[in-house]
Amino acid sequence: MLQQYKNILVPIDGSFESELAFKKAVEVAKRNDASVHLVHVIDTRAFQNVSSFDSTMVEQITEKAKETVKGYVKTAKEGGLENIDYSIEYGAPKAIIATEFPEKLNVDLIMIGATGLNAMERLLIGSVTEYVTRTAACDVLVVRTDLDNKAIQKPKE
């Protein structure tokens with residue numbers, strides 16, 4: 001019996017790596033007649049140390065995230081995938097991606113971009129990708145290649 005995924009979770013953070021995960025997830029979903037759930041998590045811990053915390057900052061970040069994710073939804077639908085939705089969440093990305101959303105949405109596959117952090121950043125703040133692969137109860141696919149399974153060349157910033 002072939003494994004068939006039905007509910008694919010794709011964390012989106014605006015990075016090149018998450019875009020690759022999104023593109024691959026769309027193709028996997030089309031082959032499996034699956035649903036794709038995009039999630040963008042705004043890490044509220046990042047605002048805890050901002051002494052002049054202003055809610056407009058969160059609103060601006062939320063609007064930017066919505067624009068990005070809505071663009072992905074449009075791209076997926078233009079590519080033939082109808083079963084796609086998204087959510088903007090607030091909190092700790094690791095917990096939301098690894099446990100909360102998979103339980104809430106009955107996710108059977110998480111497709112996540114390989115970390116863009118260097119070794120020092122991983123040591124100091126930890127990698128969401130690493131945490132998800134270690135703790136998620138469902139299958140996790142870490143995307144490291146393009147749609148042709150070729151090594152990726154990150155665009156110059």
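**Exercise 1. State the accessible surface of the protein and the share of it that belongs to carbon and sulfur atoms.**

Solution. The accessible surface amounts to about 9,500 Å². Carbon and sulfur atoms hold 50% of that surface. As for burial, 37% of the 157 residues count as buried.

**Exercise 2. Determine which elements of this predicted model have the lowest and the highest mean pLDDT.**

Solution. The model is predicted, and its pLDDT averages 86 over the protein. A score of at least 70 is reached by 83% of the residues. Among the elements, the lowest mean, 51, falls to helix α4 (residues 119–125). The highest mean, 97, belongs to strand β1 (residues 7–11).

**Exercise 3. Describe the order of the elements along the chain, and then the order of the strands in the sheet.**

Solution. Step one is the inventory: the protein has 5 helices and 5 strands. From the N terminus, these elements follow the order β-α-β-α-β-α-β-α-α-β.

Step two is the sheet. The 5 strands form an open sheet, arranged β3-β2-β1-β4-β5, with parallel pairing. Strands β3 and β5 (139–143) each have a single partner strand, so one side of each is left without a neighbour in the sheet. On average, neighbouring strands are turned by 25° against each other, direction ignored.

Step three concerns one pair within the sheet. Strands β1 and β2 are joined in the parallel sense over 5 bridges. Within β2, S35 is the bridge partner of N7, and V39 is that of P11.

Step four adds helices. Helix α2 lies across β2 and β3, and runs at about 165° to β3. Helix α5 (residues 128–135) also packs on the sheet, where it touches β4 and β5. The direction of α5 makes about 160° with that of β4.

**Exercise 4. Explain why strand β1 is described as largely enclosed by the rest of the structure.**

Solution. Begin with the cut-off: a residue is buried when its relative accessible area is under 20%. In β1, 5 of the 5 residues are buried, so the strand is largely enclosed by the rest of the structure. Next, consider the two faces. N7, L9 and P11 lie on one side of β1, I8 and V10 on the other, and all are buried.

**Exercise 5. Identify the residues that touch the most other members of the largest nonpolar core, and the elements that supply this core.**

Solution. The largest nonpolar core has 26 residues, and those touching the most other members are I8, V10, F22, V36, L38, I84 and M111. At least two core residues come from each of β1, α1 (16–32), β2 (35–42), α2 (55–78), β3 (84–90) and β4 (109–113). Helix α1 makes the largest contribution, with 7 residues. Another core, of 13 residues, lies apart from this one and includes V39, A98, V132 and C138.

M111 illustrates the contacts. With neighbours within four places in sequence left aside, the contacts of M111 include I8, V10, A21, V28, L141 and V143. As a general point, nonpolar side chains in soluble globular proteins tend to be buried together.

**Exercise 6. Decide whether T135 is buried, partly exposed or exposed.**

Solution. First, locate the residue: T135 belongs to helix α5. The partly exposed class lies between the limits of under 20% for buried and over 50% for exposed. T135 has a relative accessibility of 30% and therefore counts as partly exposed. Finally, compare sequence with space: T135 and A95 are 40 residues apart in sequence, and their C-alpha atoms are 9.2 Å apart.

Technical notes:
Residues are numbered from 1 along each chain as its sequence is written. This is a predicted model: local features need pLDDT of at least 70, side-chain atom pairs count only at pLDDT 80 or more; totals for chains, interfaces and linings use all residues. Side-chain values use heavy atoms; hydrogens and water are left out. Helices (H or I, at least four residues) and strands (E, at least two) are DSSP runs, numbered from the N terminus. Buried means under 20% relative accessible area, exposed over 50%, partly exposed in between (1.4 Å probe, protein chains only). Accessible areas come from the Shrake-Rupley method with a 1.4 Å probe; for residues, only the protein chains shown count as cover. pLDDT is the predictor's confidence in each residue, from 0 to 100. A nonpolar core is a set of buried Ala, Val, Leu, Ile, Met, Phe, Trp, Tyr and Cys residues joined through side-chain atoms within 4.5 Å. Contact means heavy atoms within 4.5 Å. Two strands pair if DSSP finds at least two bridges between them. Axes are lines fitted to C-alpha atoms, for helices over the stretch in contact, and angles run from 0 to 180 degrees between N-to-C directions.
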